[in-house]
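Hi,

Here is the structure I promised to pass on. Have a look at it first, and my notes follow underneath.

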Amino acid sequence: MTDVAIIVVNYGTGSQAVEAAISARASCRGNAKVVIVDNNSPSNGIDLVIKCLKDKDVPFYLHEDEKTKRENYNEQDIILLRSVINKGFGGGCNLGAEAAFDVFGPDKLWFVNPDTISAPRCGAVLASSCCEGSVVGPAIFAEGTTKLNALAVGKVRDWLARVDW
């Protein structure tokens with residue numbers, strides 16, 4: 001069983017999504033796995049992700065459709081999942097979460113924006129601070145302010161969300 005599954009949704013962010021995934025996984029300091037969902041990026045954007053992963057010698061499993069089954073998984077720590085339809089950010093997150101549960105069986109989900117670089121140990125602190133079945137997403141602030149617009153935290157089975165608009 002995996003402690004944390006990190007979900008990164010890529011739509012034309014290429015190397016940024018890879019950097020976000022690598023830094024988040026490194027910050028967990030433990031049993032963390034990654035699902036990068038390519039949300040039907042334009043201009044072969046998934047090829048940029050593949051090139052970046054290969055250039056960094058990061059082993060990954062490329063899954064060509066939206067259903068990833070454990071028997072097709074080759075024990076890599078990163079799955080790159082290609083979506084043939086852009087389902088929006090939320091839809092991409094759902095695809096990543098479904099793949100993570102099917103393959104890794106994580107205790108916790110961590111949704112990371114593709115333009116994020118995680119601070120050292122932040123994943124480990126998040127993982128140790130959250131109970132089993134937790135979901136952690138980004139805090140969204142109004143541009144240029146410290147006013148919190150939305151915060152997503154909850155449990156996988158009993159979803160709780162706090163939204164301040």
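In which helix do K51 and D55 both lie, and how many residues apart are they? Both belong to helix 2 (residues 45-55), with their positions 4 residues apart, about one turn of the helix. Please keep in mind that this is a predicted model. The two side chains form a salt bridge, with the closest N and O atoms 2.7 Å apart. K51 is partly exposed at 48% relative accessible area, while D55 counts as exposed at 53%.

The whole structure has 4 salt bridges, and R25, K33 and D77 are linked in a network of them. R25 meets D77 at 2.5 Å, N to O. R25 sits in helix 1 (residues 15-28) and D77 in the loop between strand 3 (61-63) and strand 4 (78-83), so this pair ties together parts that are 52 residues apart in sequence. D77 also forms a salt bridge with K33, again at 2.5 Å, N to O. That pair links the loop to strand 2, across 44 residues. As for accessibility, R25 is partly exposed at 29%, D77 is partly exposed at 27%, and K33 counts as buried at 14%.

One more residue to look at is A32, which is in strand 2 (residues 32-39). A32 is buried, with a relative accessible area of 1%. Leaving out residues up to four places away in sequence, A32 touches T2, V4, I6 and R25. T2 is 30 residues from A32 along the chain, yet their C-alpha atoms are separated by 6.2 Å.

Happy browsing, and best wishes!

Methods
Residues are numbered from 1 along each chain as its sequence is written. This is a predicted model: local features need pLDDT of at least 70, side-chain atom pairs count only at pLDDT 80 or more; totals for chains, interfaces and linings use all residues. Side-chain values use heavy atoms; hydrogens and water are left out. Helices (H or I, at least four residues) and strands (E, at least two) are DSSP runs, numbered from the N terminus. Buried means under 20% relative accessible area, exposed over 50%, partly exposed in between (1.4 Å probe, protein chains only). Contact means heavy atoms within 4.5 Å.
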